[in-house]
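Let's take a walk through a protein model together. Keep the picture open while you read, and try finding each residue as it comes up.

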Amino acid sequence: VGNGAGSGVFYDVAILNDTLAYAVGEFYMKDSLGQDDPNRYNAAVWNGHAWTVRRLSVSYHGYLSAWPLSGIFAFSPTDIWLAGGVPIHGDGTTWTLYHLYDMGVLSQTDGDASRIWGASPSDLYFVGLKGCLVHYDGRNWQKIQTGTTVPIQDIWGAVDSRSGAQEILALASRSLGLPSEKKLLSIKGSTVSSVPDSGLLPMLTSVWFASPGAEHYIVGASLYKRSDLISSAPWVDFRGDITSYYTFGVRGQSANDVVIVGSYGEVLHYNGATWRSFRSLTALSSGNLYAVAVKGNLVIAVG
């Protein structure tokens with residue numbers, strides 16, 4: 001994000017088009033004298049050529065603040081959703097915070113929202129800590145019981161272009177602390193059910209699939225895949241010699257275009273036949289890539 005970069009992290013990224021992308025997180029810059037700027041930045045915006053740091057500020061109880069951000073999901077340049085513990089919606093310029101605790105949707109014992117997926121502006125899901133799941137239909141907010149308090153690390157969904165069938169999966173995993181747990185949840189409206197997770201280790205971070213019935217990918221301490229979510233057959237661990245690094249994020253565009261990112265700048269691409277690592281190009285001596293977005297020929301990884 002420039003020579004004035006200080007310290008911080010990006011947790012998520014969204015590509016709108018070739019000349020607009022948002023990376024969100026929490027970071028601090030240096031001022032013109034090289035001193036630490038105590039005012040938080042929470043986003044960087046890509047214009048097709050360069051990144052510009054931003055403070056996406058929202059008003060809460062009369063105070064304007066750039067909340068730390070952990071998730072983003074965008075339908076258009078003027079219809080962008082953020083997760084900063086609570087949902088935030090904006091048009092790229094003005095941002096509105098939906099404080100679900102103050103609104104009575106969540107209680108103080110519920111978890112924060114950290115990740116987002118939506119089929120449309122009137123069908124959005126927010127997930128996060130303590131098994132938190134909230135749905136937004138464009139007007140109303142609804143808390144949905146998931147039956148777990150395991151932190152939900154990621155959510156992804158897809159719609160079959162021919163049948164119109166929708167499939168949504170939420171990935172819950174607790175890898176730090178005891179007990180280690182994992183759970184894969186299928187969401188249909190306001191109903192949540194468990195998906196067979198035999199073969200999956202608890203250290204899981206991200207889930208992605210191109211369409212219902214296609215290959216489903218889960219990453220974390222290893223790499224897993226399967227297409228059939230109904231049978232009790234175990235998930236296939238296909239890591240092999242593809243990578244020796246921990247992986248954090250997986251996204252793609254089709255069964256023949258999948259990208260996985262991880263520790264030390266690991267970037268893996270699948271072309272439908274083989275996996276290729278681009279870590280020699282990223283050349284990171286330390287640090288993690290936590291999320292990735294893919295659109296057209298553009299791939300953006302952040303961490």
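Below is a short tour of strands, cores and aromatic rings.

## What you are looking at

Keep in mind that this is a predicted model. Each residue number simply counts along the chain from 1.

## A four-strand sheet

Let's begin with an open sheet built from four strands, lined up as E11-E12-E13-E14 with antiparallel pairing. As general background, strands of a sheet pair through backbone hydrogen bonds, and they can do so in parallel or antiparallel fashion. Which strands stand at the edges? They are E11 (113-120) and E14 (141-143); each has a single partner strand, so one side of each is left without a neighbour in the sheet. Going from one strand to the next, the twist averages 20°.

Zoom in on the E11 end. Strand E12 covers residues 123-128, and six bridges join E11 to E12, with the two running antiparallel. Look for Ser-120, which stands opposite Asp-123 in E12.

## Strands E20, E21 and E22

Now move along to E20, which spans residues 216-220. A hairpin of two residues takes you from E20 to E21. Strand E21 is made of residues 223-226, and four bridges hook E20 to E21 in an antiparallel arrangement. One partnership to find here is Tyr-217 with Lys-225, its bridge partner in E21.

E21 also pairs with E22 (residues 236-237): two bridges join them, and they run antiparallel. Here Tyr-224 stands opposite Asp-237 in E22.

## Rings and charges

If you like aromatic rings, there is plenty to hunt for: the count comes to 23 aromatic pairs. One of them is Tyr-217 with Trp-275, an edge-to-face pair with 6.2 Å centre to centre and 80° between the planes. This pair links distant parts of the chain, as Tyr-217 belongs to strand E20 and Trp-275 to strand E26 (residues 275-277), 58 residues apart. Is Tyr-217 buried or exposed? It counts as buried because its relative accessibility is 4%, and the cut-off for buried is under 20%.

Elsewhere, five rings make up one aromatic cluster: Trp-81, Tyr-98, Phe-126, Tyr-136 and Trp-141. Some rings also have a charged residue over the face. Arg-55 lies over Tyr-41, 3.9 Å from the ring centre, and Lys-225 lies over Phe-238, 5.1 Å from the ring centre.

## The nonpolar cores

In soluble globular proteins, nonpolar side chains tend to be buried together. Which residues touch the most other members of the largest nonpolar core? Among its 72 residues, the answer is Leu-82 and Ile-218. Strand E16 (residues 166-174) gives the most to this core, with five residues.

Click on Ile-218 to see its surroundings. Leaving aside neighbours within four places in sequence, its contacts include Leu-171, Leu-184, Leu-200, Leu-204 and Trp-235. There is also a second, separate core of 15 residues, with Ala-23, Met-29, Ala-44 and Ile-300 among them.

## A last stop at Ile-260

Finally, find Ile-260 in strand E24 (residues 257-262). Ile-260 counts as buried because its relative accessibility is 0%. Not counting residues up to four places away in sequence, Ile-260 touches several residues, including Val-219, Leu-223, Val-250, Leu-268 and Trp-275. That last one, Trp-275, is the ring that pairs with Tyr-217.

For a sense of scale, how many residues apart in sequence are Ile-260 and Thr-109? They are 151 residues apart, and in space the C-alpha to C-alpha distance is 34 Å.

Key
Predicted model: local features only at pLDDT ≥ 70, side-chain atom pairs only at ≥ 80, totals over all residues. Heavy atoms only, no water. Phe/Tyr/Trp six-rings, centres within 6.5 Å; stacked < 30°, edge-to-face > 60°. Buried < 20%, exposed > 50% of the residue type's maximum accessible area, 1.4 Å probe, protein only. Lys NZ or Arg CZ within 6 Å of the ring centre and 35° of its normal. Pairing = 2+ DSSP bridges. Axes fitted to C-alpha atoms, helices over the stretch in contact; angles between N-to-C directions. Core = buried A, V, L, I, M, F, W, Y, C linked by side-chain atoms within 4.5 Å. Contact = heavy atoms within 4.5 Å.
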